[in-house]
Amino acid sequence: MESDMTGSDKQRIVLSTRPLAPGDEKTARAYNIRLLSCPSFSYRWITPPRKVLEDVMSASPEAWLFTSRRGVEGWRHVWVNLSENEKPLRIPPAYAVGEGTGMAIREKFEVSDVRSTDEQHGKALAERLMDDGVRSAIHFCGAIRRTELRDVFRKNQVELIEVEVYHRTDIMKKDTEIEKVCNAGQVDAILFFSPDGVSGFYRLYALPDGDWTPLAIGPTTADAVRKVTGREPRIAPVPSFREMIRLV
């Protein structure tokens, strides 16, 4: 089993502000880490209106766009039904924010041409499409979303269809185990995967006691960590869960 452990054998407690993906706990155990999930949002899938699906089926976009794993998973739920009841859709090159989202696309769809950005924000994705000369795209997204992608496309006269495939809801009830370790000063590190994840965690738990370290998936999330916590985060050199765990 892979392990980079050095020094003390004391098990560390690390909080993840996103739901755990398959393999996350195994990766954490390899570094003698007890990983606890503490998301501040829950999600439900959305089936787009028939008119929207007809637009998707009749369009010939040059790219599919995904800015989160939730967008990939939400479109997969819709895709399964479409594949059973409609003629197969051609899958164009898929663009993803971050390595993790790109991996999710490969897992959920039979597509080999997946192009990911190193930076974790929509503006970087839009700029990648501009560099590739893409002039039309479909963004599979949440009902609540940031506007950077849309703004860059509008400025550059790129045709964009936005298809809402999931809805996010704030979690209002604290997890008693998370609250306990926070109040006891037992947290060694917190993994933050988005600016909303930073503000959502603070809304539920404020700042844990003790000398814990924040880790950010990318520079945009790091800015939110500095603003909300007043602490300097460590930033993953590659935007992936494994790289964040390696930094703990």
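User: How much area does the protein expose, and what share of it do carbon and sulfur atoms supply?
Analyst: The protein exposes about 12800 Å², and carbon and sulfur atoms supply 46% of that. The areas come from the Shrake-Rupley method with a 1.4 Å probe. This is a predicted model: local features need pLDDT of at least 70, side-chain atom pairs count only at pLDDT 80 or more, and totals for chains, interfaces and linings use all residues. Residues are numbered from 1 along each chain as its sequence is written, and side-chain values use heavy atoms, with hydrogens and water left out.

User: What is the mean pLDDT of the protein, and where does pLDDT stay under 50?
Analyst: pLDDT is the predictor's confidence in each residue, from 0 to 100. The mean is 89, and 94% of residues reach 70 or more. Residues 1-7 stay under 50. Where pLDDT is low, the predicted coordinates should not be read in detail. For residues 1-7 the model has 13 contacts beyond four places in sequence, a contact being heavy atoms within 4.5 Å.

User: What makes the protein as compact as a globular protein of its length?
Analyst: The radius of gyration, taken over C-alpha atoms, is set against the globule rule, 2.2 Å times the number of residues to the power 0.38. The rule gives 18 Å for 248 residues and the protein has 19 Å, which is close, so it counts as that compact. The C-alpha atoms fill a box of roughly 60 × 35 × 35 Å along the principal axes. The protein holds 10 helices and 11 strands. These are DSSP runs, H or I of at least four residues for helices and E of at least two for strands, numbered from the N terminus.

User: Why is Phe66 called buried?
Analyst: Buried means under 20% relative accessible area, exposed over 50%, partly exposed in between (1.4 Å probe, protein chains only). Phe66 has 0% relative accessibility, so it is buried. Phe66 sits in strand β4. Across the protein, buried residues make up 44% of the 248.

User: Which residues touch the most other members of the largest nonpolar core?
Analyst: A nonpolar core is a set of buried Ala, Val, Leu, Ile, Met, Phe, Trp, Tyr and Cys residues joined through side-chain atoms within 4.5 Å. The largest has 23 residues, and Trp64, Phe66, Trp75, Ile105, Phe109 and Phe140 touch the most other members. Helix α3 (69-85) is among the elements that give two or more residues. It gives the most, five. Beyond four places in sequence, the contacts of Phe140 include Trp64, Phe66 and Trp75.

User: How far apart are Phe66 and Tyr95 in sequence and in space?
Analyst: They are 29 residues apart in sequence and 6.3 Å apart in space, C-alpha to C-alpha. Tyr95 is one of the residues that Phe66 touches.

User: Why is there no bond between Cys38 and Cys182?
Analyst: A disulfide is a pair of cysteine sulfur atoms within 2.5 Å. The sulfur of Cys38 is 7.0 Å from that of Cys182, its closest, so the gap is too far for a bond. The whole structure has zero disulfides. Cys38 is buried at 2%, and Cys182 is buried at 2% as well.

User: How do you know whether Thr221 is buried or exposed?
Analyst: Its relative accessible area is 2%, so Thr221 counts as buried. Thr221 lies in helix α9 (residues 219-229). Its contacts beyond four places in sequence include Phe192, Phe193 and Pro195.
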